[in-house]
Amino acid sequence: MWTVRGLVKTYPAGRGRKAAAPPAVRANDGIDLDVGQGEIFGLLGPNGAGKTTLVRQLTGLLRPDAGSIRLFGHDLVAHPDRAARLIGYLGQESTALDELTVALAAETTGRLRGLDPRTARSERDAVLEELELTGLACRPLKRLSGGQRRLACFAAALVGGRPMLVLDEPTTGMDPVARRAVWAAIDRRRAERGTTVLLVTHNVLEAETVLDRVAVIDDGRVIACDTPSGLKAMVEGDVRLDLVWRDEPPLHLAEIAALGESAEAAGRRWTLRMAQEEARGVVATVTGGPAFAALDDFTLATPSLEDVYLALGGRRKGLVKA
Ligand SMILES: Nc1ncnc2c1ncn2[C@@H]1O[C@H](COP(=O)(O)OP(=O)(O)OP(=O)(O)O)[C@@H](O)[C@H]1O
């Protein structure tokens with residue numbers, strides 16, 4: 001339904017004296033994607049991986065240097081204007097709606113999408129109620145908290161019932177209640193209308209729970225594409241061991257110093273990834289010997305999408321777990 005082949009986008013080098021000019025950036029480097037109708041499809045990757053660049057091309061806002069994009073049979077490279085009729089897009093920034101009230105943002109979006117005034121008003125009321133925004137309806141977006149503003153923009157993106165929703169980190173800054181409301185609204189549309197969702201995220205936890213399939217993007221390329229469980233099967237047999245030290249790790253103990261060499265350290269926390277059998281020995285060492293006194297807490301966990309991502313050679317930077 002949504003077919004992307006060989007998409008390439010390079011941002012040109014900046015002007016100026018040679019040494020000071022920023023170099024050209026190949027932000028998308030031959031991307032292929034196939035998204036099916038009714039899928040909740042994710043793009044996961046660290047900051048700067050090329051996700052937003054990809055999404056802006058898919059939504060007709062940025063012209064690719066090479067490659068093809070077809071959505072519901074339309075050629076969106078030749079006719080980028082058609083994207084607006086097919087896609088409800090929630091970008092990372094939404095300053096365009098800032099001056100409007102929550103109600104007017106939703107209603108105006110509906111009118112811009114061709115709804116008659118009455119339908120725009122009734123869709124506005126329904127979506128504000130669905131997302132529990134009715135109490136904020138008269139508030140200008142610029143007078144809302146970050147999470148509330150994001151939710152109001154999400155509400156506006158839903159008005160007009162586009163068959164495809166493209167959401168660039170929709171739940172950033174939202175509390176758990178608002179997040180749940182977003183996922184429920186998406187699920188409802190998929191169940192009732194077969195709406196397809198393309199979701200950009202660097203939240204691996206969210207990715208694991210809500211997505212049907214994920215494309216992992218790194219350095220402008222798709223480095224893996226599968227269901228979350230399919231991706232996790234790639235690192236089956238591995239576990240993650242987190243050790244939290246009370247204070248300094250007891251590096252005077254030879255076995256702890258050796259462990260430290262393969263650990264990723266973040267403050268008092270060490271994270272180690274290893275085969276299950278090996279983990280058993282390490283747990284015995286840290287809990288049975290003199291190191292135990294220095295240990296505050298430890299957890300042993302099955303692999304997450306983050307572990308897959310790291311195993312694929314991705315960079316850790318930019319992926320969040322909460
Ligand atoms: N307008 C621009 N001009 C030049 N380079 C750009 C421009 N926009 C993005 N880039 C560069 O292109 C690369 C991809 O950026 P992009 O915004 O697509 O990443 P992203 O995966 O969406 O990141 P994030 O998770 O931080 O939103 C980065 O190296 C970025 O610095």
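This is a short tour of a predicted model, with a suggestion at each stop for what to select.

**Stop 1: the two domains**

Start by colouring residues 2-232 and residues 237-302 separately. These ranges are domain 1 and domain 2, the two parts into which the protein is divided. If you place a marker at the C-alpha centre of each domain, the markers will sit 40 Å apart.

**Stop 2: around the ligand**

Now select the ligand and show the residues around it. There are 13 of them, and Y11, N47, K51, T52 and T53 come nearest. Two elements, β2 (25-35) and α1 (51-58), each give two or more residues to this shell. Which element supplies the largest share of the shell? That is α1, with three residues. Try colouring the shell by class as well: you should find four nonpolar residues, eight polar ones and one charged one.

**Stop 3: helix α3 and its cover**

Next, select residues 102-112, which form helix α3. Show the side chains of V102, A103, A105, A106, E107, T109 and G110, the buried residues of this helix. Then add residues 117-130 and 146-158 to the view. These are α4 and α5, which are included in what covers the buried residues of α3. Before moving on, look just past the helix: α3 is followed by G114, which has a positive phi, near 90 degrees.

**Stop 4: L165**

Select residues 164-168 to bring up strand β7, and pick out L165 within it. Is L165 buried or exposed? It counts as buried because it has 24 C-beta neighbours inside 10 Å, and 20 or more are needed for that label. To see some of its surroundings, show G88, A157, T195 and V197, which L165 contacts when its neighbours within four places in sequence are left aside. Then draw a distance from the C-alpha of L165 to the C-alpha of E264: the two residues are 37 Å apart in space and 99 residues apart in sequence.

**Stop 5: a four-stranded sheet**

Finish at an open sheet of four strands. Follow the strands across in the order β12-β13-β11-β14, and you will see antiparallel pairing. At the edges are β12 (264-266) and β14 (295-301), each of which pairs on one side only. From one strand to the next, the twist averages 20 degrees. For a closer look, select residues 238-245 and 269-275: these are strands β11 and β13, joined in the antiparallel sense by seven bridges. As a last pick, find V239, which stands opposite M274 in β13.

Technical notes. Residues are numbered from 1 along each chain as its sequence is written. This is a predicted model: local features need pLDDT of at least 70, side-chain atom pairs count only at pLDDT 80 or more; totals for chains, interfaces and linings use all residues. A residue is near a molecule or strand if its C-beta atom, placed from the backbone, lies within 6 Å of it. Ala, Val, Leu, Ile, Met, Phe, Trp, Tyr, Cys and Pro count as nonpolar, Asp, Glu, Lys and Arg as charged, and the others, Gly among them, as polar. A residue is buried if 20 or more other C-beta atoms lie within 10 Å of its own, exposed if 12 or fewer, and partly exposed in between; C-beta atoms are placed from the backbone. Two residues are in contact if their C-beta atoms, placed from the backbone, lie within 7 Å. Domain bounds come from an automatic or database domain assignment. Two strands pair if DSSP finds at least two bridges between them. Axes are lines fitted to C-alpha atoms, for helices over the stretch in contact, and angles run from 0 to 180 degrees between N-to-C directions.
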